[in-house]
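Biologist: Please take a close look at one buried side chain and its surroundings. Then set it against the rest of the chain.

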Amino acid sequence: MPTVRFTVTRFVAPVLATAVVFSAAACLNVFRSVDVVELPVAGWKTTVVSSPLKVHLLDGRTAIFRSGASIGADSIAGTGDLYGLASTAPIGRVRAIAIDSVAAVEAFEAKVDEGKTVLVSALATAAAIVVTPPLWAAIFGSCPTAYSYGPDGAVLEAELFPNSIAPLFEMRDVDLLSAQPDSSGHLRLSIRNEALETHYINHIQLIETRHGPSDLVFPDRDGRPVALRHLTPIRNAVDRSGRSVTSLLSAADGHVYETSESTIASADSSNLWDTITFSVPTSALADANTDSHAHADADAHADADAHADARADADARARARADTAYLYIRARNSLLGTVYFYDKMLAEQGPNAIKWLGDDLDEVGHVVGLADFYRQQMGLRVEVEFAGGFKEVGRVREVGPIAFDHVAVPVPVPRSASDSVQFRFRFVADAWRIDQVAVGIRAGEASIRYVSPAYLDIGPEADVVASAGEDAEDRVSRLLSVVDAADDEYAVTRPGDAFDVVFDLGNKPDSSATYLLAMQGYYVEWIRGDWLRSNRQAATFEPTTASVVDAINRWAGVKEEFERAFFNSKIPTAGERSVR
């Protein structure tokens, strides 16, 4: 599959009281069908790898083993070329590299365009990130992050496709934006890779929705914009431990719900769950529906008989609409899922993590099995109480631990409900940080426009490696075409990469317009050397309830320390430059 890769100019920045040195040149490379996986770097039986290897050294150099290499306890051996920082040609040959000097190793499985693919990848890697030891153990990440530009600097807007950990998990993700176009009608976002990951971005699109001035627009579980009105706070919210948590969930103020310590401590294979039970008065639902059609009723017909008929039709629509409401949820995940992914899925496998990421998750059977396990264990279940008890009516998939996600979940209103409707959330203990929950009624269909990027800004310093005879305008057109459609072309970013995407909306900020960002793609996690060195003989990961319980127990013991390390280990990016 054709791929486009960004590598943009990076800057010197202090991180964790150390310096991070970046490349002095940047390039945009075009190559075909390269799958990236990470290899362990020390401390196990010799592993023979036939795929081309890139070995990143702590001193900034990169070794390229085009015919593969043997990886042992003390060294990586083979026939390779050595590149200096930002060099475009080999500075020497290399036969072996001491494990102690290795920061990370990548294996490339080039399927087509063998010669040029390896060469271009090698040149790009020679200008790769050089990081002091603390950042080679960075734990921040899970997907691309999107920022807008405010008067006080960058504003975190979203994290994209956090569940797409391999090509077969590729998906489209839609996130609500707070950003509005500037006075010239342009909306600019910074797309960043702030983690030790490789991001494959297939499609970028802005969704503009037009709606009533008092309506609010959110994506539903499938990413479709839904306009709601009359959001009503929930009542009588109580969690599994018996705590009243209504006030925590009443407003989007950053004071989030967390599972109680007693519930976390009691989690076991027979009961992983935390719950939040709450109610919504049926009067609020009925009032909202009646009001939503008031203006249409008043203008329906001038004469009394026709108006009476219109009123009857409107009342019937209101009664029908009251059978369905929408729960609005503003939430993000805790870092429990990150602990589960890093520790259980990857680190404990040791060298087998490479097979799992590179081979197993490239097979449909393995992917279906893992996806089924996630459906059974993960996510936030939404339940409604009917005559026979609570019944699951919807589910919110994992949304990532970095940015708050907004979602509107359609829920049926039981006909038997009298004064109130009872709802319940059910989820793995301490897996979610919930900021606000409210109920609303759909306000009719919003007007929707899909907008493609007008241009992508990778900075004036970028050295674009292009086909012979291709001028700057051709290069921009080619780059835009890569992300303009969901196809087999990808923009590929690596740690520290960033670019700006600009949409030309042709209109100024407007309270009747809401914008959402849609992106499709997947990411590949870099396996840290420490993970693999400490688990030399581990077995292949098997998804089980017991593994989730173990992750909960580990998370409970390291929460504060892990959160601090996670958010302090972002890789600085060129996207942190000021707007030009």
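Modeller: First, a definition: contact means heavy atoms within 4.5 Å. This is a predicted model.

Take Arg381. This residue lies in strand 24, which covers residues 380–386. The relative accessible area of Arg381 is 4%. Buried means under 20%, so Arg381 counts as buried.

What does Arg381 touch, leaving out residues up to four places away in sequence? The list holds Trp273, Arg375, Gln376, Glu392, Gly394, Arg395, Arg424, Phe425 and Arg426. Gln376 also offers its backbone oxygen, which lies 2.3 Å from a polar atom of the Arg381 side chain. The backbone oxygen of Met378 lies 3.5 Å from a polar atom of that side chain.

Now the surface. Leu168 sits in the loop between strand 15 (153–159) and strand 16 (171–176). Its relative accessibility is 40%, so Leu168 counts as partly exposed. Leu168 joins Val364 and Val368 in a nonpolar surface patch. Together the three have about 260 Å² of accessible area.

Last, the whole chain. It has 12 helices and 34 strands. Of its 580 residues, 56% count as buried. Consider contacts between residues at least 6 apart in sequence: 78% of them join residues at least 24 apart. The chain exposes about 23,100 Å². Carbon and sulfur atoms supply 51% of that area.

Note on methods:
Residues numbered from 1 in each chain as written. Predicted model: local features only at pLDDT ≥ 70, side-chain atom pairs only at ≥ 80, totals over all residues. Heavy atoms only, no water. Patch = residues over 30% accessible without salt bridge, like charges linked within 9 Å, V, L, I, M, F, W, Y side chains within 5 Å. Areas by Shrake-Rupley, 256 points an atom, 1.4 Å probe, with all protein chains shown as cover. Salt bridge = Lys/Arg side-chain N within 4 Å of Asp/Glu carboxyl O. Helix = DSSP H or I, 4+ residues; strand = E, 2+ residues; numbered from the N terminus. Buried < 20%, exposed > 50% of the residue type's maximum accessible area, 1.4 Å probe, protein only. Polar contact = N/O pair within 3.5 Å; in protein donor to acceptor, adjacent residues only side chain to side chain.
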